[in-house]
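Please open the model in your viewer and keep the sequence panel visible. The stops below are meant to be selected in order.

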Amino acid sequence: MSDLPSCEKCNSAYTYEDGNLFVCPECGHEWSASEAIENEVASVVLDSNGNQLTDGDTVAVIKDLKVKGSSSVVKVGTKVKNIRLVDGDHNIDCKIDGIGAMKLKSEFVKKA
């Protein structure tokens, strides 16, 4: 069994090595081994204490957060259930009771 990574674009399992590049025969995407390692490290999301977060986790807010465009505030200790991790500056999508759908930064939450 091969330990080559799946294609980053189409998730094909049929990648092969060509020198120092990985190549996908299905979509033609090429990437280097160092890019694959960087992408793998970049996708890890950590909370304020350094714990790894995953989809579906429950987190608690560690700082009062003002809601942009509203006079509402998310108070310290607010529990947020069933988070979704996304790419971007605000890397947590969630729904907070009484406020609605929000995006949070992982640096302002801790794993509960």
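The tour goes from confidence to strands, then to salt bridges and cysteines.

**Before selecting anything**

This is a predicted model, in which local features need pLDDT of at least 70 and side-chain atom pairs count only at pLDDT 80 or more, while totals for chains, interfaces and linings use all residues. Residues are numbered from 1 along each chain as its sequence is written, and side-chain values use heavy atoms, with hydrogens and water left out.

**Stop 1: colour by confidence**

Colour the chain by pLDDT, the predictor's confidence in each residue, from 0 to 100. The protein has a mean pLDDT of 88, and 91% of its residues reach 70 or more. Select helix α1 (residues 33-42), where confidence is lowest, with a mean of 64. Then select β6, where confidence is highest, at 97. Helices (H or I, at least four residues) and strands (E, at least two) are DSSP runs, numbered from the N terminus.

**Stop 2: the sheet β1-β2-β3**

Select β1 (16-18) and β3 (30-32), the edge strands, each of which pairs on one side only. Add β2 (residues 21-23), and you have an open sheet of three strands in the order β1-β2-β3, with antiparallel pairing. From one strand to the next, the twist averages 35 degrees; axes here are lines fitted to C-alpha atoms, for helices over the stretch in contact, and angles run from 0 to 180 degrees between N-to-C directions. Strands count as paired if DSSP finds at least two bridges between them. Between β2 and β3 there are three bridges. To see the register, show Val-23, which stands opposite Glu-30 in β3.

**Stop 3: β10, β11 and β12**

Select β10 (84-85) and β11 (92-96). These strands run antiparallel and are joined by two bridges. Their hairpin has six residues between the strands, and Gly-88 in this hairpin takes a positive phi near 125 degrees.

Now add β12 (100-104). β11 and β12 pair in the antiparallel sense over five bridges. Lys-95 stands opposite Ala-101 in β12. The hairpin of β11 and β12 has three residues between the strands, and Gly-98 in the turn has a positive phi of about 85 degrees.

Turn on the surface and look at β11 again. Four of its five residues are buried, so β11 is largely enclosed by the rest of the structure. Buried means under 20% relative accessible area, exposed over 50%, and partly exposed in between (1.4 Å probe, protein chains only).

**Stop 4: salt bridges**

How many salt bridges does the structure hold? There are four, each being a side-chain nitrogen of Lys or Arg within 4 Å of a carboxyl oxygen of Asp or Glu.

Stay on the hairpin of β10 and β11 and show Arg-84, which stands opposite Asp-93 in β11. Their side chains meet in a salt bridge at 3.6 Å, N to O. Arg-84 is exposed, at 51% relative accessible area, whereas Asp-93 is buried, at 15%.

Next select Lys-105 and Asp-89, a salt bridge whose closest N and O atoms are 3.6 Å apart. Lys-105 lies in the loop between β12 and β13, and Asp-89 in the loop between β10 and β11, so the pair ties together parts that are 16 residues apart in sequence. Lys-105 is partly exposed, with 23% relative accessible area, and Asp-89 is exposed, with 55%. Add Lys-103 to the selection: salt bridges that share partners join Arg-84, Asp-93 and Lys-103 into one network.

Finally, select Asp-57 and Lys-111, whose salt bridge has its closest N and O atoms 3.5 Å apart. This pair links distant parts of the chain, 54 residues apart: Asp-57 is in the loop between β5 (52-53) and β6 (59-61), and Lys-111 is in strand β13 (residues 109-111). Is Asp-57 buried or exposed? Asp-57 is buried, at 13% relative accessible area, while Lys-111 is partly exposed, at 35%.

**Stop 5: cysteines**

The structure holds zero disulfides, a disulfide being a pair of cysteine sulfur atoms within 2.5 Å. Select Cys-7, which is in no disulfide; its nearest cysteine sulfur belongs to Cys-27, 3.6 Å away. Cys-7 is buried, with 0% relative accessible area. Then select Cys-24, which is also in no disulfide and has the sulfur of Cys-10 as its nearest cysteine sulfur, 3.6 Å away. Cys-24 counts as buried, at 1% relative accessibility.
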